[in-house]
Amino acid sequence: MDESYNNRTSLVKGAKDIAKEAKRHAAKKVSKVVNRAADEYSSQRNYSQFQNEDEDDDDGRYTYTQPDDYASDATEGHDDEDEIYEGEYQGVPADGKPRDGHDSLGQLVSDSMRDRKDLEQERQADEEELAQQYELIMQECGHGRFQWQLFFVLGMALMSDGVEVFVVGFVLPSAELDMCVPNSGAGWLGSIVYLGMMMGAFFWGGLSDKVGRKQCLLIAMSVNGFFSFLSSFVQGYGMFLFCRMLSGFGIGGAVPIVFPYFAEFLAREKRGEHLSWLCMFWMIGGIYASAMAWLIIPHYGWSFSMGSAYQFHSWRVFVVVCALPCVCAVVALTFIPESPRFFLEMGKHDEAWMVLKQIHDTNMRARGEPEKVFTVNRIKLPKHLDELVEMQSDSANPVAKVLFRIRTELRGIWLTFMKCFNYPVRDNTIKLAIVWFTLSFGYYGLSVWFPDVIHHLQSDEYASRVKTHNNERIEDFTFNFTLENQIHTNGVFVNDRFISMKLKSVTFIDSTFQNCYFDDVSTVGSLFKNCSFVEAFFYNTDIDDSKLVGSRVINSSFHHNKTGCQMTFEDDYSAYWVYFVNFLGTLAVLPGNIVSALLMDKIGRLSMLGGSMVLSGISCFFLWFGTSESMMIFMLCLYNGLSISAWNSLDVVTAELYPTDRRGTGFGFCNAMCKLAAVLGNLIFGSLVGITKAIPILLASTVLVGGGLVGLRLPDTRGNVLM
């Protein structure tokens, strides 16, 4: 009996000890949950994973302190996780209240059943914590060789965008003339390329938030390079337009991806300055295109032909040369990694860690500190919301799978785009779109108006130097030289020979050609109005019905007439002048680029943006006094130099305002608005050339000043981390 009593006493005592131990462990676990919740959801979130080692040593590195969540059994004791008491087994902790994630019956509540607003708040909290942590990681990685390598690679891609914009204007006159484009089709090339860039900006920018910055940029640049090369060989104007549109669609992804891509490799104190330096490559692209056009296009002797069906003139050589920066960018892009910030957004922790370690090791080796260790071993990942995703059947054919994938990606792009109009980024999206539109409308509109006004002034001066010949009679004379800028009225030409000669801007009015011989004659801008040709012989000339306006042809014959449109001559001074003017205008942005890069982080993005746009708008009023070519060229250089700071600031602000999951989409939408404004600017300002100065000047000034005032209402991003 004593033995059974002792057994019962021991059993009761053991049960009490077990209960006490279970209660102690339960209280400990509840305390951990409370502390963890306080750390994660407190209003002042700190990057607790990194602690500055300056307290212990002087190397200035950050070390990673493993949080309690990741404590092992060996360090914390296996009983913390393995031993539970009856109430906890039912989902009730020691304080009797249900724990987060469990209902009153102890059943786990899935994320899909929880309030979505709470989940979004949790994700936002995770994003804020990740942003602070990522900033510290980038500071540990440092700024050095890796960022400079990426700088030049992405700079080549941005240079390709600048080249594409200038190619349109440079090849437009030659392409339309070479392909015999009627007046009804003239001007379509400029508009359709910008339309392609507009669609490409929206598509590639949105897709980069889904599949990655590098992959989208690589595909977009490949599309641009392929169709740029192809466009130089096609003969029909319709096919040429199609190729240039697809080329523009590809290059449209350069700006919306390059700036977010590079921004995600930069620490906060370096971001404004180095994104501004990156903008210089757009200027370099313009200088490259202007120089190549000046060196190549006027040299029409560089052309070759294969029969009468295929002509390859010098402007096509220029198109090929302008595609080379894109090819170089594609090759270089294959050697750079994806954005680690994008990897983290997608939940790919290991891939992001490897890229960050590569950045750290590359920079440390360049500094001569290869022994310095990358101390990060775990990075905060944002919570992913469960979304209903339709799955395609495994039995579906490959075409159906491809179509399903395309439809899914397009739907994803659209949903991400709609998120750009959700609180709190909605107001910023609207303001950015207004600033992008107004700045682009004024810039591209005046970019079209300036050269046309200069050309109009040149034409007036050229017409003032025309030579007029009246009532002349020339017999038995051989013309074997160039006639230029002349008007012959009531002339009589008898038994004359026009052999291997060129007529440039020559007009014959009410003249008679009797028994004349025309051999290898080229005419550009020349006409025969109300003339009579009696017993004339034409061999290998380009004189056709379009040149014989109201003229009579009596007993005359045409043999082996030149087909197609004839290019202008080697000594075409106006072509050289147009390219040189564009070269000067592009070079004028260099001082503005340097100033904006040096002052971006000192005076702020918004001050730079608003001040530059307002000053650009004011400078437009001085165009009223531009009555000569030299004055207009000076005003063009002044305007470009003032406006470049606004472009640089806008690129930086747009990259910093959007969170990572919609940074490419938001930038792509804003850049699409930019290209839409370019199309409208070309059409509106181009239609006003030679009509009035008042409307273009007032219109450009108004939109620029208005856009600058809107830009000042944007939030200052100078001290922000990338969300």
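In this predicted model, K547 counts as buried because its relative accessibility is 15%, which falls under the 20% limit for that class. Its salt-bridge partner is D542, and the closest N and O atoms of the two residues are 3.8 Å apart. That separation lies within the 4 Å allowed for a salt bridge. D542 is buried as well, because its relative accessible area is 4%. Elsewhere, salt bridges that share partners join E135, R271, D601, R605 and E656 into one network.

Side chains of opposite charge can pair when their charged atoms come close. In this model the count of salt bridges comes to 16. One of them pairs E264 with R663, whose closest N and O atoms are 2.7 Å apart. This pair links distant parts of the chain, with the two positions 399 residues apart in sequence numbering. E264 is placed in the loop between α10 (254–263) and α11, whereas R663 belongs to helix α23, which covers residues 663–686. Both members of the pair, E264 and R663, are buried.

A salt bridge within a single helix is formed by E345 and R341. Here the closest N and O atoms are 3.3 Å apart. Both residues lie in helix α15 (residues 340–345), where four residues, or about one turn of the helix, set them apart. E345 and R341 are both buried.

Helix α11 (residues 268–278) contains H274. This histidine counts as buried because its relative accessibility is 5%, against a limit of 20%. Its side chain makes a polar contact of 3.4 Å with the side chain of H143. When residues up to four places away in sequence are left aside, H274 touches H143, W148, F151, F262 and L266. H143 therefore appears both as a polar partner of H274 and among the residues that H274 touches, as a contact requires heavy atoms within 4.5 Å.

The surface presents another kind of grouping. L615, I618, F621, F622, W624, F625, M631, F634, L638 and L698 form a nonpolar patch there, and together they have about 990 Å² of accessible area. Helices α21 (605–619) and α22 (629–657) each supply at least two residues of this patch. The largest share comes from α22, with three residues. F622, one of the patch members, is located in the loop between α21 and α22. This phenylalanine counts as partly exposed because its relative accessibility is 43%, a value between the 20% and 50% limits.

The chain as a whole provides the setting for these local features. It has 24 helices and 18 strands. Of its 723 residues, 48% count as buried. Among contacts between residues at least 6 apart in sequence, 67% join residues at least 24 apart. The salt bridge between E264 and R663 is an example of a link between distant parts of the chain. The accessible surface of the chain comes to about 34,200 Å², and carbon and sulfur atoms account for 59% of that area.

Notes. Residues are numbered from 1 along each chain as its sequence is written. This is a predicted model: local features need pLDDT of at least 70, side-chain atom pairs count only at pLDDT 80 or more; totals for chains, interfaces and linings use all residues. Side-chain values use heavy atoms; hydrogens and water are left out. Buried means under 20% relative accessible area, exposed over 50%, partly exposed in between (1.4 Å probe, protein chains only). Accessible areas come from the Shrake-Rupley method with a 1.4 Å probe; for residues, only the protein chains shown count as cover. A polar contact is a pair of N or O atoms within 3.5 Å; within protein, one must be able to donate a hydrogen and the other to accept it, and residues adjacent in sequence count only if both atoms are side-chain atoms. Patches are made of residues with over 30% relative accessible area and no salt bridge: like charges are joined within 9 Å, nonpolar side chains (Val, Leu, Ile, Met, Phe, Trp, Tyr) within 5 Å. A salt bridge is a side-chain nitrogen of Lys or Arg within 4 Å of a carboxyl oxygen of Asp or Glu.
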